Amino acid sequence: MAERFAFTIEATDGAARTGRIDMQRGEIHTPAFMPVGTAATVKAMKPQTVRKTGADIILGNTYHLMLRPGAERVAKLGGLHTFMNWQRPILTDSGGYQVMSLSDLRKLTEKGVEFRSHIDGSKHMLTPERSMEIQRLLGSDIVMAFDECPRADRPRDEIASSMEMSMRWAKRSRDGFDSGGEHAERSALFGIQQGALDEELRKISADKLTDIGFDGYAIGGLAVGEGQEAMFATLDFAPGQLPQDRPRYLMGVGKPDDLVGAVERGVDMFDCVLPSRSGRNGQAFTWHGPINLRNARFAEDEEPLDARCSCDTCGTYTRAYLHHLVKSQEILGAMLMTEHNIAFYQQLMQAMRDAIGQGRFAGFASDFRRDYLR
């Protein structure tokens with residue numbers, strides 16, 4: 001049987017690194033992009049199509065799945081992998097961010113967060129212990145510690161207080177995870193660094209998480225409105241504060257040029273709804289930048305979305321046909337556009353892995369930005 005969790009760095013090039021995570025449900029090649037399957041589905045895609053794009057792992061969402069269809073129901077039906085027919089690794093987030101961002105009525109205490117469902121108004125309590133229980137019931141392969149994610153523009157003392165509470169919650173998450181029996185013996189737990197844009201607070205957070213001990217470490221509290229320049233400035237120091245021999249996961253990021261810049265700074269894992277959400281709304285990502293298929297100039301364009309892309313959408317359909325589908329709001333348009341975007345993200349990750357392995361990442365990053373941002 002494969003190891004519970006092992007991370008191997010196979011090559012480095014500057015701060016950028018490429019490697020492999022080994023788990024019982026398969027390998028994850030890093031840098032890795034995880035398509036977001038919020039409610040047990042990557043919207044507009046079959047699981048086998050997601051895998052065909054090159055994705056090694058997907059993300060599920062604790063908050064949404066606990067509300068509908070319910071973690072206990074998913075467990076009764078065989079767990080999330082069986083429920084959605086995805087037999088490779090799944091990472092589940094803790095639910096904390098969604099509670100803060102989606103619930104109008106919530107009460108935050110040291111115990112956790114009491115909130116009302118955005119679906120039906122029912123009252124729930126999410127604590128570190130309950131988050132660990134939900135992720136265990138779902139059968140998650142990579143479990144995220146429960147945390148709070150304040151906006152970066154909040155006062156420093158408020159951010160510091162939130163970070164300290166998240167570190168106390170991290171220890172409770174660790175204890176709750178470790179009491180999970182068989183699930184704890186085959187899955188992994190990641191801690192989440194907080195501290196917004198403040199280097200000192202980030203260092204305190206990283207040290208506390210390292211003392212607790214986790215299989216991997218996420219960089220939380222970014223991509224929440226601070227802008228790319230501020231995010232990159234934080235990534236100039238945040239990854240280096242975390243253990244070098246563990247995966248580093250930047251949560252909720254991002255645009256293709258965000259990914260390249262973050263890998264340049266030592267990040268190994270990413271997730272974002274952008275490729276699937278953009279696909280459903282008519283935007284395609286290409287090696288020469290994003291394009292909006294709603295634009296009338298594509299109505300008679302017989303070229304593929306991207307001549308460099310190897311996905312089925314680009315190999316089969318023209319921009320003119322995709323423009324028609326998008327303008328007509330046909331379901332097939334959302335499916336084909338999403339498939340292309342997810343495939344493009346996976347091809348970008350593979351290109352970065354290749355460039356790092358061959359010691360030419362700086363040139364790759366420069367060429368990518370030249371073409372993508374022009």
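Which residues point one way from β12, and which the other way? Gly216 and Ala218 point to one side, Tyr217 and Ile219 point to the other, and all are buried. Bear in mind as we go that this is a predicted model. In a regular strand the side chains alternate between the two faces of the sheet.

Let us place β12 among its neighbours. It belongs to an open sheet of eight strands, whose order is β4-β14-β13-β12-β11-β10-β6-β5, and the pairing is parallel. At the edges are β4, residues 32–35, and β5, residues 58–61, each of which pairs on one side only. From one strand to the next, the twist averages 25°. Strands of a sheet pair through backbone hydrogen bonds, either parallel or antiparallel.

Two of the pairings are worth finding on your screen. β11 and β12 run parallel and are joined by four bridges; here Phe190 has Gly216 of β12 as its bridge partner. At the edge, β5 pairs in the parallel sense with β6 (residues 90–93), again over four bridges. Look there for Leu59, which stands opposite Leu91 in β6.

Now add the helices that pack on this sheet. Helix α6, residues 128–138, lies across β6, β10 (142–144) and β11 (188–193), and it runs at about 160° to β10. Helix α9, residues 199–212, also packs on the sheet, where it touches β11 and β12 (216–219); the direction of α9 makes about 160° with that of β11.

Helix α6 deserves a second look. Its buried residues are Pro128, Ser131, Met132, Ile134, Gln135, Leu137 and Leu138. After the helix comes Gly139, which has a positive phi near 85°.

Just before α6 in the numbering you will meet another sheet. This open sheet has three strands in the order β7-β8-β9, with antiparallel pairing. β7 (106–108) and β9 (123–126) stand at the edges with a single partner strand each, so one side of each is left without a neighbour in the sheet. The twist here averages 15° from one strand to the next.

How do the strands of this sheet connect, and which residues face each other? A hairpin of four residues joins β7 to β8, and the two strands pair in the antiparallel sense over three bridges. Lys107 stands opposite Glu114 in β8, while Arg106 stands opposite Phe115 in β8. On the other side of the pairing scheme, four bridges join β8 to β9, which run antiparallel, and Val113 stands opposite Leu126 in β9. The hairpin of β8 and β9 has six residues between the strands, and within it Gly121 takes a positive phi near 80°.

β8 also makes a nice contrast with β12. In β8, Val113 and Phe115 point to one face and are buried, whereas Glu114 and Arg116 point to the other face and are not. In β12, the residues on both sides are buried.

Next, turn to the open space in the model. The largest pocket holds about 910 Å³. It is lined by 42 residues, and those closest to its centre are Tyr97, Gln98, Gly252, Asp271 and Val273. The elements that give two or more residues to this lining are β5, α5 (96–102), α10 (228–235), β14 (269–272) and α13 (274–280). By type, the lining of the largest pocket divides into 16 nonpolar, 17 polar and nine charged residues.

Helix α10, one of those contributing elements, is also where you will find Thr234. At 1% relative accessibility, Thr234 counts as buried, because the cut-off for buried is under 20%. Beyond its neighbours within four places in sequence, Thr234 is in contact with Ala196, Leu197, Arg202, Leu222 and Pro239.

Finally, there is an enclosed space to find. A search of the whole structure gives one cavity of 30 Å³ or more, and the largest cavity contains about 40 Å³ of space. Its lining is made up of His29, Ala32, Phe33, Gly54, Asp56, Gln346 and Arg353. The edge strand β4 and helix α16 (331–357) each supply at least two residues of that lining. In terms of type, the lining of the largest cavity has two nonpolar, three polar and two charged residues.

Technical notes:
Residues numbered from 1 in each chain as written. Predicted model: local features only at pLDDT ≥ 70, side-chain atom pairs only at ≥ 80, totals over all residues. Heavy atoms only, no water. Pairing = 2+ DSSP bridges. Axes fitted to C-alpha atoms, helices over the stretch in contact; angles between N-to-C directions. Contact = heavy atoms within 4.5 Å. 1 Å grid on protein atoms, 1.4 Å probe; cavity = no way out; pocket = protein on both sides within 12 Å on 5 of 7 lines; lining within 4 Å. Points joined across faces, edges and corners; volume = space filled by probe spheres on them. Nonpolar A, V, L, I, M, F, W, Y, C, P; charged D, E, K, R; others polar. Buried < 20%, exposed > 50% of the residue type's maximum accessible area, 1.4 Å probe, protein only.
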